[in-house]
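Colleague: I would like a close look at one part of this model, with its surroundings described in enough detail to follow on screen. Please start from the chain as a whole and work inwards.

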Amino acid sequence: MFPRFSSKWGIYMPTIVFASPKGGVGKSTATVLLASELAAHGGTVTMIDADPNKPLSQWASLPGKPERLTVIDSATEENIIDEIESAALKTMFVIVDLEGTAPVRRILDDRWALEVSCP
Ligand SMILES: Nc1ncnc2c1ncn2[C@@H]1O[C@H](COP(=O)(O)OP(=O)(O)OP(=O)(O)O)[C@@H](O)[C@H]1O
Ligand SMILES: [Mg+2]
């Protein structure tokens, strides 16, 4: 559990990462469902689409995406911490959807994830 203090919101806010080396276990689906629910309840949310196939960006291009929900599609293993930091300054929640587990160690080492969920 690695909550980080948000100077913007004045409270501890989570970064949530969905990661699994196994494909098709529901990472992207869980990311969209959680982000949509948080947005529907008034939260501002950034989803970081760290999968090269960009499933979240494809979803976001469809009609109906909540206004309070932003998708970042420029994250790479090299810049993902910067992307998380940048998103955390703008929205209350940051949710990361990974292709596999490669960047997870870095996210954990840098203490940027509140919880890494590996379904
Ligand atoms: N809770 C669930 N119950 C049943 N089907 C589900 C559930 N969550 C996801 N699915 C279905 O499983 C499939 C894979 O889901 P999803 O793309 O979210 O997995 P993923 O882990 O992100 O896959 P990938 O490793 O390819 O990124 C999709 O067809 C999705 O609709
Ligand atoms: Mg996925």
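**From the whole chain to one strand**

Modeller: Among contacts in the protein between residues at least 6 apart in sequence, 71% join residues at least 24 apart. This is a predicted model, and the part I will look at closely is strand S4, residues 45-50.

Some context comes before the strand. The protein has 119 residues, of which 42% count as buried. Its exposed area is about 6300 Å², with 55% of that supplied by carbon and sulfur atoms. Four helices and seven strands make up its elements, and read from the N terminus their order is β-β-β-α-β-α-β-α-β-α-β.

Now S4 itself. Six of its six residues are buried, so the strand is largely enclosed by the rest of the structure. The cover is on both faces: Val45, Met47 and Asp49 are buried on one side, and Thr46, Ile48 and Ala50 are buried on the other. As for pairing, S4 runs parallel to strand S5, residues 69-72, and the two are joined over four bridges. Within S5, Val71 is the residue that stands opposite Met47.

Asp49 deserves a separate look. This residue belongs to S4 and has 0% relative accessibility, which is why it counts as buried; the cut-off is under 20%. With neighbours within four places in sequence left aside, the contacts of Asp49 are Lys54, Pro55, Leu56, Ser57, Val71, Ile72, Asp73 and Asp97. Two of these can be given with distances. A polar atom of the Asp49 side chain lies 3.0 Å from the backbone nitrogen of Ser57. Ile72 is 23 residues from Asp49 in sequence, yet their C-alpha atoms are 5.9 Å apart.

The ligand site can be described next. Ligand 1 is surrounded by Gly23, Gly24, Val25, Gly26, Lys27, Ser28, Thr29 and Asp51. Sorted by class, this shell has one nonpolar, five polar and two charged residues. Oxygen atoms of the ligand figure in several short distances: a backbone N or O atom of Gly24 lies 3.0 Å from one, and a backbone N or O atom of Val25 also lies 3.0 Å from one. For Lys27, an N or O atom of the side chain is 2.8 Å from an oxygen atom of ligand 1. Taken on its own, ligand 1 has 630 Å² of accessible area, and the protein covers 43% of that.

Terms used:
Residues are numbered from 1 along each chain as its sequence is written. Chains are lettered from A and ligands numbered from 1 in the order in which they are written. This is a predicted model: local features need pLDDT of at least 70, side-chain atom pairs count only at pLDDT 80 or more; totals for chains, interfaces and linings use all residues. Side-chain values use heavy atoms; hydrogens and water are left out. A residue is near a molecule or strand if one of its heavy atoms lies within 4 Å of it. A polar contact is a pair of N or O atoms within 3.5 Å; within protein, one must be able to donate a hydrogen and the other to accept it, and residues adjacent in sequence count only if both atoms are side-chain atoms. Accessible areas come from the Shrake-Rupley method with a 1.4 Å probe; for residues, only the protein chains shown count as cover. Ala, Val, Leu, Ile, Met, Phe, Trp, Tyr, Cys and Pro count as nonpolar, Asp, Glu, Lys and Arg as charged, and the others, Gly among them, as polar. Buried means under 20% relative accessible area, exposed over 50%, partly exposed in between (1.4 Å probe, protein chains only). Contact means heavy atoms within 4.5 Å. Two strands pair if DSSP finds at least two bridges between them.
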